[in-house]
Amino acid sequence: MSTPDLGGVVVATALPYRADDSAPAGLAVDYDAYAAHCRWLIDNGCRGVGPNGSLGEYSSLTDEERRRVARTAIETVGKDGIVVVGVHGPGSHQARHWAEVAAEDGAGGLLCLPPTMYRANRGEVLAHFDAVASVGLPVMVYNNPIDTKVDLTPALLAEIAQIDNVVAVKEFSGDVRRVLEIREQAPGLDVISGADDVVLESLLMGATGWFAGFPNVFPAESVRLFELARAGKLDEARALYEPLVAAFRWDSRTEFVQAIKLGMDLVGRYGGPCRPPRGPLTGEHHEQVTADMRRALTSLGVA
C-alpha cells in the first residue's frame with residue numbers, strides 16, 4: 001500500500017470577511033468569496049488548499065464557521081485537488097474532534113500543530129498526534145516552535161513518524177538544515193516547506209511540498225517556482241525567487257496574515273480585514289509590504 005501524498009503546492013488559504021454588525025467583531029465570513037478564491041488557486045495550478053490554518057484565522061472563528069469554511073473548500077475543490085484541513089486545538093480531544101469532523105466532510109488530509117496554548121512534553125506530543133491520526137486520514141504534523149513553544153525536532157519526529165497515518169511534517173522552524181536531518185532520522189516522513197522565505201532552499205534539499213502563504217497572491221508563479229526547484233533548474237528558480245523573497249519574508253512575521261491579505265488586495269484579489277486579535281497594519285508596515293510586493297510584481301511583469 002502506497003503512502004498518501006500531501007506534497008505539491010498546497011495553499012494555506014486566507015479567509016475573506018464582509019461587514020456585518022451581527023457577526024463576531026462586525027465581520028462575517030464571506031463563503032462565496034472564499035469558494036471563488038479556492039477555485040482560482042486550483043485553476044492556477046496549485047495542488048490543493050488548506051483551510052483553517054493560522055493564515056485562515058481559525059482561532060477567531062466560531063465552531064460553526066470553522067466547519068463551514070472547511071466544507072466550502074472541500075465542496076469547491078472536489079476531485080480537482082486535495083484539501084488539507086487544519087485541526088489545531090489546545091488538547092487532543094479538541095484536535096481529534098476537528099479531525100473527525102473533517103473526515104465526515106470529505107477532507108483529503110489533516111494539518112495539526114502540537115497542543116496549542118500549552119508547552120507539551122514529549123509524551124503529550126506523541127499522545128496528541130496519536131489521537132488525531134487514529135481518525136484515519138493522512139496527517140501532516142506542523143512544527144512551528146515560534147508560536148507553540150514546542151519544537152518537533154528531527155529526533156522527536158522520528159518517533160512521531162512511527163504513528164500510523166502520520167505521513168508528513170510542515171517544517172516552519174526556518175532552519176533549512178532540518179530538511180536533511182529529518183530525512184535522515186525519519187526517512188518515511190515527507191518534509192513540506194512551511195516558510196515561504198526558505199522554500200527554494202528547502203526544496204533543493206529534498207522537501208517534496210510547499211504549504212504556502214504567498215501563493216494566495218500569485219499562485220501560478222509560485223507553482224512555476226516549485227516545479228523549477230523540484231526539477232533542479234537552479235538558475236531559473238533563483239531568477240524567479242530572489243525578487244520575491246522580500247515579500248515572502250512577511251510569511252514568517254507576526255503580521256503575516258495582514259501582509260498576505262494586503263498582497264491580495266494589491267493584485268486585484270480581495271484580502272480585506274482580519275478579525276481580532278489581528279488589527280490593521282501600522283503605516284510603516286503597510287508601506288513596507290507595499291514596497292516589497294511592488295518589487296515582486298515588477299519582477300513577475302504584472303505591476
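The lining of the largest cavity mixes six nonpolar, three polar and two charged residues (Ala, Val, Leu, Ile, Met, Phe, Trp, Tyr, Cys and Pro count as nonpolar, Asp, Glu, Lys and Arg as charged, and the others, Gly among them, as polar). This is a predicted model, so local features need pLDDT of at least 70 and side-chain atom pairs count only at pLDDT 80 or more, while totals for chains, interfaces and linings use all residues. Residues are numbered from 1 along each chain as its sequence is written, and side-chain values use heavy atoms, with hydrogens and water left out. Eight strands close into a barrel here.

**Barrel**

- Going round the barrel, the order is β1-β4-β5-β6-β7-β8-β9-β10, with parallel pairing (strands pair if DSSP finds at least two bridges between them).
- From one strand to the next, the twist averages 25 degrees (axes are lines fitted to C-alpha atoms, and angles run from 0 to 180 degrees between N-to-C directions).
- For a look at one pairing, take β6 (residues 109-112) and β7 (residues 139-143), which run parallel and are joined by three bridges.
- In that pair, Leu110 sits opposite Val139 of β7.
- Strands and helices here are DSSP runs, numbered from the N terminus (helices are H or I, at least four residues; strands are E, at least two).

**Cavities**

- On a 1 Å grid over the protein atoms alone, a cavity is a set of points where a 1.4 Å probe fits but cannot get out, and lining residues have an atom within 4 Å of a point.
- Two cavities of 30 Å³ or more turn up.
- The largest cavity is about 60 Å³ in volume (the space filled by probe spheres set on the points, with grid points joined across faces, edges and corners).
- Its lining includes Glu171, Asp175, Val191, Ile192 and Ser193, and strand β9 (residues 190-193) supplies the largest share, three residues.
- The second largest cavity comes in at about 50 Å³, and among its lining residues are Asn52, Arg66, Arg67, Trp98 and Asp105.
- α2 (63-77), β5 (82-86) and α3 (92-105) each put at least two residues into the lining of the second largest cavity, and α3 gives the most, with four.
- By class, that lining has five nonpolar, two polar and three charged residues.

**Pockets**

- A pocket is an open set of grid points with protein on both sides within 12 Å along at least five of seven lines.
- The largest pocket has a volume of about 770 Å³, and of the 37 residues lining it, Ser54, Tyr58, Leu113, Asp147 and Arg278 are closest to its centre.
- α3, α5 (145-148) and β10 (209-212) are the elements giving two or more residues to the lining of the largest pocket, and α5 gives the most, with three.
- That lining breaks down as 16 nonpolar, 14 polar and seven charged residues.
- The second largest pocket holds about 260 Å³; 18 residues line it, with Ala161, Ile163, Asn165, Val166 and Val167 nearest its centre.
- Its lining splits into 11 nonpolar, six polar and one charged.

**Cysteines**

- There are zero disulfides (a disulfide being a pair of cysteine sulfur atoms within 2.5 Å).
- For Cys38, the nearest cysteine sulfur belongs to Cys46, 11 Å away.
- Cys274 is in no disulfide either, and its nearest cysteine sulfur, that of Cys38, is 17 Å away.
- Cys38 is buried at 0% relative accessible area (buried means under 20%, exposed over 50%, partly exposed in between, with a 1.4 Å probe and protein chains only).
- Cys274 also counts as buried, at 11% relative accessibility.
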